[in-house]
Every structure is written in structure tokens, then in C-alpha cells.
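Trainee: I should like to work through this structure step by step. May I put my questions in turn?

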Amino acid sequence: MAINRTPVLKRCRSLDLDPTFLGYDKKSNRTRNSKKMSEYGLQLREKQKAKFIYGVLEKPFRNYYEKADRMKGMTGDNLMIMLETRLDNVVFRMGITRTRREARQVVDHKHILVNGKCINIPSYLIKAGDVITLSEKAKGLQRYKDVIEVTGGRLIPEWLDVNQEAFEGKIKNLPTREMIDVPVNEMLIVELYSK
């Protein structure tokens, strides 16, 4: 399994990205020398930013793009909605974990139930009406209670209905592009792939 081991703050600095979108509170004190970028460079940086935020490697990202291209509607919007409804991202949005990487690990370790079934695939796409809960074994762990205290103030998206005390969340409806607060210009990604 391929893993991106690049230090998070270094990568955020190179992509001109705020680490809070990944769940990190730290800030980097260093500044980046900003050079004038070509059109291709801007498009590539937006793609790398989206891949880094959601923790997706190149081949699966390309597959998401091709699937989004075949769907009805705007390709860029479809792509962002698919990335946002990945199981690991939904677990992060619910506030069960501090970071998206931690959310991926929690899903891998079979601590998450979707509609009562154990799902350990981080890329599993959630549908409207799905109920996501923490497994009974995991609910007893002190770790999750500590995380809820830390993430209690985090803003929960309007498309999610979350009960943090019960470690449970329900998908009210699929998000629209306006509901996704990730700083990615998806139109540049579409331009890059449609060349």
C-alpha cells in the first residue's frame, strides 16, 4: 500500500494551504518564495491540493475524475462531492477524529459501522440516509472521548446530522458544491485532465 510520508506542514506550505483543513492546529512560521506560476503549474497545484487534503493517490484520483465526468452535471462539482462523501472524510467531518489521516486509520481498524455493518474501506462512498456509528468496542475507549472534547467546537457541515455523545451521524442529503468549504478550484483540475 502506498503511503504519503511527506511532513504535513512542509506540504501545506508548498501548496499554499492552511493546515486547519487537514485538522492540524499548528502553523508554519516559514514563508514561501512565491514565483510567478504558469497556467499548467496552477492547474497541477490545485490537483495536488485536492489529492493531499483528501489523502487520495494519483490513480484513484484519476478514477474519481473519470467517474465524475460520466455523471450528469458539472464534472468539477461531481468530483468534489465524491471526494467529500468518502467514508474517511465523513468520519473526520463528524468530529470523531482530529485529522483526516486519523479518520482513515480508524476506518481501517474496523471501528466504524455504516447502517450497522462494519466497513473498513476508507474510500467507501456514503449515500443520503446512511447512518455512521462507532462500533460498541470502540465506544468504550477513552481515546474517542478525549477526541470529542477537542473537536467539540469544530463546525459540522449542514448536510450531516451528528450526535457526538452517541458517536453517531446521519447523512441528511448529499452535499452540494456550495456546502463544501475546501479551498480547491475544481475547474482548474477539470482543465488539467481535459487536455
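Trainee: With which residue does Glu-66 form a salt bridge?

Mentor: Please note at the outset that this is a predicted model. The closest N and O atoms of the pair are 3.3 Å apart, and a salt bridge requires a distance within 4 Å. The partner of Glu-66 is Arg-62.

Trainee: Why are Glu-66 and Arg-62 separated by about one helical turn?

Mentor: Both residues belong to helix α3. They are separated by about one helical turn because they are four residues apart in that helix.

Trainee: Are Glu-66 and Arg-62 buried, partly exposed or exposed?

Mentor: Buried requires under 20% relative accessible area, and exposed requires over 50%. Glu-66 has 35% relative accessibility, and Arg-62 has 33%. Each value falls in between, so Glu-66 counts as partly exposed, and Arg-62 likewise counts as partly exposed.

Trainee: Which residue forms a salt bridge with Lys-49?

Mentor: The closest N and O atoms of this pair are 3.3 Å apart. Both partners lie in helix α2, three residues apart, which is about one turn of the helix. The residue paired with Lys-49 is Glu-46.

Trainee: Are Lys-49 and Glu-46 buried or exposed?

Mentor: The limit for buried is under 20% relative accessible area. Lys-49 has 7% relative accessibility, and Glu-46 has a relative accessible area of 8%. Both values are under the limit, so Lys-49 counts as buried, and Glu-46 is also buried.

Trainee: How far does α2 reach from its first C-alpha to its last?

Mentor: Helix α2 has 16 residues. At 1.5 Å a residue, the expected value is 22 Å. The model comes close to this, with a reach of 23 Å.

Trainee: What covers the buried residues of α2?

Mentor: The buried residues of α2 include Gly-41, Gln-43, Phe-52, Ile-53 and Tyr-54. Charged residue types also appear in that list, among them Arg-45, Lys-47 and Lys-51. The covering elements include α1, α3, α4, α5, α6 and α9.

Trainee: Which residue follows α2, and what is its phi?

Mentor: The phi of this residue is positive, near 70°. The residue is Gly-55.

Trainee: Which residues are linked with Lys-47 in a network of salt bridges?

Mentor: A search of the whole structure finds 11 salt bridges. Side chains of opposite charge can pair when their charged atoms come close. In this network, Lys-47 is linked with Lys-51 and Glu-58.

Trainee: Which residue forms a salt bridge with Glu-102, and in which helix does that partner lie?

Mentor: The closest N and O atoms are 2.8 Å apart in the pair of Glu-102 and Arg-143. The pair links distant parts of the chain, 41 residues apart, with Glu-102 in helix α6. At 12% relative accessibility Glu-102 counts as buried, whereas its partner, at 35%, counts as partly exposed. That partner is Arg-143, in helix α8.

Trainee: Which residues touch the most other members of the largest nonpolar core?

Mentor: This core has 25 residues. Helices α1, α2, α3, α4 and α9 each supply at least two of its residues. The largest share, five residues, comes from α4. The residues that touch the most other members are Tyr-54, Phe-61 and Leu-83.

Trainee: Which residues does Leu-83 touch, not counting residues up to four places away in sequence?

Mentor: Two of the residues just named, Tyr-54 and Phe-61, are among those that Leu-83 touches. The others on the list are Val-56, Tyr-64 and Asn-89.

Trainee: Where is Thr-85 found, and is Thr-85 buried or exposed?

Mentor: Thr-85 is found in the loop between α4 and α5. A polar atom of its side chain lies 3.3 Å from the backbone oxygen of Met-82. Beyond its neighbours within four places in sequence, Thr-85 is in contact with residues including Val-90, Tyr-124 and Leu-174. At 4% relative accessibility, Thr-85 counts as buried.

Trainee: Which element of the protein chain has the highest mean pLDDT?

Mentor: The protein chain averages a pLDDT of 87, and 95% of the residues score at least 70. The lowest mean among the elements, 81, belongs to α1. The highest, 94, belongs to α3.

Note on methods: Residues numbered from 1 in each chain as written. Predicted model: local features only at pLDDT ≥ 70, side-chain atom pairs only at ≥ 80, totals over all residues. Heavy atoms only, no water. Buried < 20%, exposed > 50% of the residue type's maximum accessible area, 1.4 Å probe, protein only. Polar contact = N/O pair within 3.5 Å; in protein donor to acceptor, adjacent residues only side chain to side chain. Contact = heavy atoms within 4.5 Å. Core = buried A, V, L, I, M, F, W, Y, C linked by side-chain atoms within 4.5 Å. Salt bridge = Lys/Arg side-chain N within 4 Å of Asp/Glu carboxyl O. Expected span 1.5 Å × (residues − 1). pLDDT = per-residue confidence, 0-100.
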